[in-house]
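Trainee: I am new to this structure and would like to learn how to read it one feature at a time. Could we begin with a single residue and work outward from there?

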Amino acid sequence: MEITENKSKGLKKSFTVVASADEIAFKTKKKMEEIAKTAKADGFRPGKVPLAMLEQRYGKTAQNEVIDGIIEAACDEIVEETKITLAGRPAVKIEEYKVGENLKMAIEVEAMPTIYVDGFDFKRIKIERPRADVEDAMIDQALERIAARHKKPQDTDRGYKAKTGDVAVIDFVGSVDGVEFDGGKADDFGLELGSNQFISGFEEQVVGASAGDKIDVKVDFPKEYHAQNLAGKPAVFAVTVKAIKTLKTPAIDDEFAASLGVKTLKELRDVIAKDMAREYSDASRLSVKEEVLDQLEKLLDFDVPETLAEQEFNHIWPRVREAKAKGGLDQSENSKTEKELEEDYRKVSARRVKLGLFLAELGKSANISVTNPELEQAIFAEASRFPGQERLVFDHYRKNPGMIEALRGPIFENKVIDHILGKADVTERKVSVEQLYQPSARAGKPEKPGKAEKGDPKPAPKPKATKKAAKK
């Protein structure tokens, strides 16, 4: 077998491989001899089947196996001789072959780039870490919002007329064309007027009513209503108003704090302040991470393997197309053609691979790893998002180890980002809460569409093995 390296381009190397007809014939003969030892056929003892019959039955299969073995051996030899780490499977194309003649094929491989992290000047990364302080006025506003969610109904005097924001306790029966319909009846229903719980126009007709009133509420069901037998039809609800209650916002004091499970108002304020500080810290960290990745990408100088960029694009693109079909992209992206979007996201894919490769190499060089306690903490954080269902979440992760591994990448990435920040030129800048939550303001640059999808690099992919090389 002769292997000749052709002119290379970037990370890709191409080779011409020629296997002689004699080599193919010799290996095919050996393969047929192996088959003959155990082959069975009616009228013949095992191992005694005539060669001509075996050739007819197994010859083509044996030859294909021999060619597959030659391709695999050629790929292995190329990797061993060139000392490269593959970015993906070798691409193999058979250019010339007829039975009894030489086999000529083209093999193209793509190498992983050489990434130098030792001596990288991280001081070139200049970060302004935004900091928003928790102020008393913000805590006051938060308390008011919490109190508004804990309004308590208060009885009203007879003759009181319902207003928007009040609760009307009602019985009602709905009918279409004089016939009651399923699901259109209830007793002692507490309806907050202005909450838009009911069909458009219903609550407005109850405003102004008093306890003891009986009113006919006339509405039209929406054309897109989920019950097709009611969609688009006019309906009448016979409503009996049994009581009107006003909603009173509780006083913000120690008693209110106790109702929320803390001892005093001061303690409640402290809890709110800590929660706000944590949220602001998380937002600041996200801002800093985005800026680190943006600056890092501009400083990195190595080629991105097209194979990996294509894999990443094929992972992202279906979700982008689905989001566009549903109008779920940013306005600036929804106005783009599919071709323009594809160009954008091919760049996004290359960026994510480039950053992922560098972060992986830097983490390896700095001996950064993810510990089991860190994984457990991440699982606990996930479980805490589902109050009352924590045990179900823990069990789900326990039964699905792959989900635990999926947490490892983001943890590793954050630890590497922290490592970079420890070496970068970082200063602090005080900002308002509004600026903190506005990417364009806090980063000092226009906000990029699709930021969440575009900003996060993927962990470096593992090099593919050369075994069973893919054929073009």
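Mentor: Let us start with contacts, bearing in mind that this is a predicted model. Leaving out residues up to four places away in sequence, Gln295 touches Arg124, Ile125, Lys126 and Ile127. Gln295 itself has its place in helix α6.

Trainee: Is Gln295 buried or exposed, and why?

Mentor: The general idea is to compare the relative accessibility with a cut-off, since buried means under 20%. Gln295 has a relative accessibility of 16%, and therefore counts as buried.

Trainee: Which residue could I set beside it as an exposed case?

Mentor: Take Lys364, which lies in helix α9, a helix that covers residues 338-365. Its relative accessibility is 63%, so Lys364 counts as exposed. You can also use Lys364 to compare sequence with space: Lys364 and Val117 are separated by 247 residues in sequence, while their C-alpha atoms are 9.8 Å apart.

Trainee: How should I read a nonpolar core, and how many residues does the largest one have?

Mentor: In soluble globular proteins, nonpolar side chains tend to be buried together. Here the largest nonpolar core has 27 residues, and those with the most contacts inside it are Leu296, Phe358 and Ile420. Helices α6 (265-299), α9 and α12 (401-421) each supply at least two residues of this core, and the largest share, 6 residues, comes from α9.

Trainee: What is Leu296 in contact with, once its neighbours within four places in sequence are left aside?

Mentor: Leu296 is then in contact with Phe120, Ile125, Leu355, Phe358, Leu359 and Ile420, so that two of the names you have just met, Phe358 and Ile420, appear again in this list. There is also a second, separate core of 23 residues, which includes Ala162, Ala186, Phe221 and Ala227.

Trainee: Turning to the strands, in which sense do β2 and β4 pair, and over how many bridges?

Mentor: In a regular strand the side chains alternate between the two faces of the sheet. In this model, strand β2 (residues 12-19) and strand β4 (residues 103-110) pair in the antiparallel sense over 8 bridges, and Phe15 has Ile107 in β4 as its bridge partner.

Trainee: How many bridges join β3 to β4?

Mentor: Strand β3 (residues 91-96) is joined to β4 by 5 bridges, and these strands run antiparallel, with Ala91 standing opposite Glu108 in β4. The hairpin of β3 and β4 has 6 residues between the strands, and in this hairpin Gly100 takes a positive phi near 90°.

How values were computed
Residues are numbered from 1 along each chain as its sequence is written. This is a predicted model: local features need pLDDT of at least 70, side-chain atom pairs count only at pLDDT 80 or more; totals for chains, interfaces and linings use all residues. Side-chain values use heavy atoms; hydrogens and water are left out. Helices (H or I, at least four residues) and strands (E, at least two) are DSSP runs, numbered from the N terminus. Buried means under 20% relative accessible area, exposed over 50%, partly exposed in between (1.4 Å probe, protein chains only). A nonpolar core is a set of buried Ala, Val, Leu, Ile, Met, Phe, Trp, Tyr and Cys residues joined through side-chain atoms within 4.5 Å. Contact means heavy atoms within 4.5 Å. Two strands pair if DSSP finds at least two bridges between them.
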